[in-house]
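These notebook entries record a look at aromatic ring pairs. I set down what I looked up, in the order in which I looked it up.

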Amino acid sequence: MSDTSADALAASGHRPMGFPEFVIVIASIMALNPLAMDMMLPALPDIASAFHITSANRPQMVLSIFLVGFGVGQFVMGPLSDRFGRRPVLLGGMAVYCIASLLAIAAPSFETLLLARALQGLCTSATRVIATSIVRDCYAGRRMASVMSLAMMMFIAVPVVAPAFGQAVLLLTQWRGIFIVLMLYGVVALIWSALRMPETLPVEKRRSLAVGEVVDAFRQTLTNRQTLGYALVAGGILGSLFAFVFISQQVFTEIYKLGYYFPLAFAGVAVGTAIAGFVNSRLVGRLGMRVISHAALLGFVVIAATMLVAAKIQMLPLPLFMVLSISMMFAFGLMIANFTALAMEPQGHIAGTAASLYGSITTLLGIGIGATIGQDYDGTLVPFATGFLLCTLAALAVVLVVEKGRLFRPHTLKV
């Protein structure tokens, strides 16, 4: 899409930014989360060595505790942004994120590092919730899905390069250098947002923080069939993704013996999601969110079943695993932006609170599932493939309930 045509379709709510800059800024602030997550993957063995950790799966806590903070933080960021506006919460969250990075740099113990990681996750919840809320403030329906897909395409590029970037940092310095890079990125994102991102929530549309009103907003979100259903579905799908991320370093280095080439393999897998974001942004306006996401979910089932069978019969060589993993990420990319847009579609009047609750449900459910599967890692891919298939079948069952047995066909649900 050219700058001219993009700006012609852009909402006025994010002026003075045009459409391309708006998408880039949204992607940049959303990228704080995956960057802080995936740059750490190559550093897990070094962190374990630095803090004398002997349990093979315990270093995964550097990832899981970050996601716990991310999930819990989303409960409060939305209501705060609905009351005080998007900018104060966004800028405050990014400022504290930079402070948390400093704490991680100076961490004298593994427990202190985990505290810093939890605080980082808490702060990146502000960037994710506010980004979704800002997009919903300015766009709705298929247009929102298109904007989210473009942003997802750009910020998903981060997991593609983040492990390799982290490995490059480790070649130049120790693992603490990764947190220096994360802090510098946070500073740049903070300055850019402070200078260019306008307030997108008018004063007259802000909501009180009175307990009754917050509870009522949560009630409206949780009792909406479409919103709650797609939140549960996204949580199940994220559980598979988190499990993959948690065990990826062990899988590529222990099972497939890739050593320092692990970031390249991880990057190859993550490319599938970036491609899916571009494809979705081009097709969602014509085909609709349900057609694309439901087809991708069925593909997810086939991929999961194939991986489990191959793992069970011990015929899952690296080339086949890479093909299945890339396909998994491609299907994930076609689903997640559309599931988010479908969940948020009925919640324009309480976008911040709804985004908070949606993000918390999906993240915490995903963490619980992903951590459980990750801790079951036994040196084979059978536990992951089993959990992957179960998550996918459960997600499909929930979609069938939400859509009353009808897949692919757009229809109006009561809000």
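The entries below concern ring pairs and the burial of their members.

Entry 1, basis. I worked from a predicted model, in which local features need pLDDT of at least 70, side-chain atom pairs count only at pLDDT 80 or more, and totals for chains, interfaces and linings use all residues. Residues are numbered from 1 along each chain as its sequence is written, and side-chain values use heavy atoms, with hydrogens and water left out.

Entry 2, pair count. I paired rings of Phe, Tyr and Trp (its six-membered ring) if their centres lie within 6.5 Å; planes under 30 degrees apart count as stacked, over 60 as edge-to-face and the rest as tilted. By this rule I recorded 14 aromatic pairs.

Entry 3, Tyr230 and Phe339. The ring centres of Tyr230 and Phe339 are 5.4 Å apart and the planes stand at 35°, so I entered the pair as tilted. This pair links distant parts of the chain, 109 residues apart: Tyr230 lies in helix α11 (residues 225-255) and Phe339 in helix α14 (residues 318-344). Helices here are DSSP runs (H or I, at least four residues), numbered from the N terminus. I then checked burial (buried means under 20% relative accessible area, 1.4 Å probe, protein chains only). Tyr230 is buried at 0%, and Phe339 is buried at 0%.

Entry 4, Phe244 and Phe321. For Phe244 and Phe321 I noted centres 6.2 Å apart and planes at 25°, so this pair is stacked. Phe244 in helix α11 and Phe321 in helix α14 are 77 residues apart. Phe244 is buried at 1% relative accessibility, and Phe321 is buried at 1%.

Entry 5, cluster. I traced ring pairs that link Phe244, Phe252, Tyr256, Phe262, Phe266, Phe300, Phe321, Phe384 and Phe388 into a cluster.

Conventions
Helices (H or I, at least four residues) and strands (E, at least two) are DSSP runs, numbered from the N terminus. Buried means under 20% relative accessible area, exposed over 50%, partly exposed in between (1.4 Å probe, protein chains only).
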